[in-house]
Structures are given as C-alpha cells and as structure tokens.
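Colleague: I should be grateful for a close look at a single part of this model, together with enough of its surroundings to place it. Please set out each term with its cut-offs as it arises.

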Amino acid sequence: MCTHEWEQVESPFSRPQCKLCGLLPIATMPGPQSQFVRSQAAYPAFFAGAGAGKTASGVIKLLDYVHRNHGARLAVCLPTLKDVGRIFLPTLRDFNGDGEGEDWEYRQKAEMLMFPKFKVQIDL
C-alpha cells in the first residue's frame, strides 16, 4: 500500500502524480465534462463534439455509479454494438484496465459488463 507522495504541479490543467507508485488520479476537464460527471440529475446528458471527452466522462460516471450502487442493473447505450469494442472498452481499459478480470469482465456473447464484487450488471 502506497503512502502517496505527490509531485508539484505547475500548469493549471496538469494532475499530480505519485512519486512512489506512479498513480495518476482521474480528473475531469473543467466545464461541461466536470459538470456532467458531478451531476445528480436522474437523466444527465453531455452533448459535445468529437474529442470533447464524452466517452471518458461516461466511463468515469459509470465507475463511480458502480461503486456507489451495489446490486444495480443498468444499460449503456452506444450508437452501434461495434462501438463497444472500438470506443467504449478501450476507454474503460484506460481508466480501469488493471481491474479487468478481477473487478470487471466483458461478456461479449451476452453483450454485458459484470462487476462481480459489486453485483452490478451492465447491459450494452
């Protein structure tokens, strides 16, 4: 278990990284991305152009929801099923790839994500 010694950050959009273990905490961009992730609305939405961080925001919000709502069953909607493997899973792996197989698993045949520790099922 690391005690985290954070490096100094100079630029306003940089994140501190742990000098000991290399941890780089998840952070959102200020503005719409941050507002979406923090929203408590029943049906929040984030409309933006390409490269604005919609998928990253959705994955951050999804992981937060899973950790806060054990036993939940939910759905993630994407334009096409091919986008699961092309866009969604790579982004999920960017944020929580080290948890794949232990914390979560993708069941391609069933088109779902499972988070067994939290008893959460996500239909894709």
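Modeller: The account that follows begins with the chain as a whole, turns to a network of charged side chains and its loops, and ends with the pockets and one buried residue.

The model is predicted, so local features need pLDDT of at least 70 and side-chain atom pairs count only at pLDDT 80 or more, while totals for chains, interfaces and linings use all residues. Residues are numbered from 1 along each chain as its sequence is written, and side-chain values use heavy atoms, with hydrogens and water left out.

The protein chain holds three helices and four strands, arranged along the sequence in the pattern α-α-β-α-β-β-β. Helices (H or I, at least four residues) and strands (E, at least two) are DSSP runs numbered from the N terminus. The C-alpha trace spans about 45 × 35 × 25 Å along its principal axes. Of the 124 residues, 29% count as buried; buried means under 20% relative accessible area, exposed over 50%, and partly exposed in between, with a 1.4 Å probe and protein chains only. Among contacts (heavy atoms within 4.5 Å) between residues at least 6 apart in sequence, 34% join residues at least 24 apart.

The part chosen for the close look is the salt-bridge network. Side chains of opposite charge can pair when their charged atoms come close. A salt bridge is defined as a side-chain nitrogen of Lys or Arg within 4 Å of a carboxyl oxygen of Asp or Glu, and the whole structure contains seven. Three of the residues involved, Glu102, Asp103 and Lys117, are linked in a network.

In that network, Lys117 pairs with Glu102, their closest N and O atoms being 3.5 Å apart. This pair links distant parts of the chain: Lys117 is in the loop between strand 3 (112–115) and strand 4 (120–123), and Glu102 is in the loop between helix 3 (82–96) and strand 2 (105–107), 15 residues apart. Lys117 also forms a salt bridge with Asp103, with the closest N and O atoms 2.9 Å apart. Because Asp103 lies in the loop between helix 3 and strand 2, and Lys117 in the loop between strand 3 and strand 4, this second pair ties together parts 14 residues apart in sequence. Lys117 is partly exposed because its relative accessibility is 49%, whereas Glu102, at 55%, counts as exposed.

Another of the salt bridges joins Glu100 and Arg93, with the closest N and O atoms 2.8 Å apart. Glu100 is partly exposed at 34% relative accessible area, and Arg93 is partly exposed at 35%.

Two residues call for attention on account of their backbone. Most residues other than glycine have a negative phi. Lys119, which is not a glycine, has a positive phi of about 55°; Lys119 lies in the loop between strand 3 and strand 4 and is exposed, at 67% relative accessibility. Glu111 likewise has a positive phi of about 55° without being a glycine. Glu111 is placed in the loop between strand 2 and strand 3 and is partly exposed, at 31%.

The pockets come next. On a 1 Å grid over the protein atoms alone, a pocket is an open set of points where a 1.4 Å probe fits, with protein on both sides within 12 Å along at least five of seven lines, and lining residues have an atom within 4 Å of a point. Grid points are joined across faces, edges and corners, and a volume is the space filled by probe spheres set on the points. The largest pocket holds about 1000 Å³ of space. Its lining has 30 residues, of which Phe36, Pro44, Gly58, Lys61 and Leu62 are the closest to its centre. Helix 2 supplies the largest share of this lining, ten residues. The lining divides into 19 nonpolar, five polar and six charged residues; Ala, Val, Leu, Ile, Met, Phe, Trp, Tyr, Cys and Pro count as nonpolar, Asp, Glu, Lys and Arg as charged, and the others, Gly among them, as polar.

Ser57 is also found in helix 2 (residues 54–68). Ser57 is buried, with a relative accessible area of 0%. Its side chain makes a polar contact of 3.1 Å with that of Gln33, a polar contact being a pair of N or O atoms within 3.5 Å; within protein, one must be able to donate a hydrogen and the other to accept it, and residues adjacent in sequence count only if both atoms are side-chain atoms. Apart from neighbours within four places in sequence, Ser57 is in contact with Gln33, Phe36, Val37 and Phe46.
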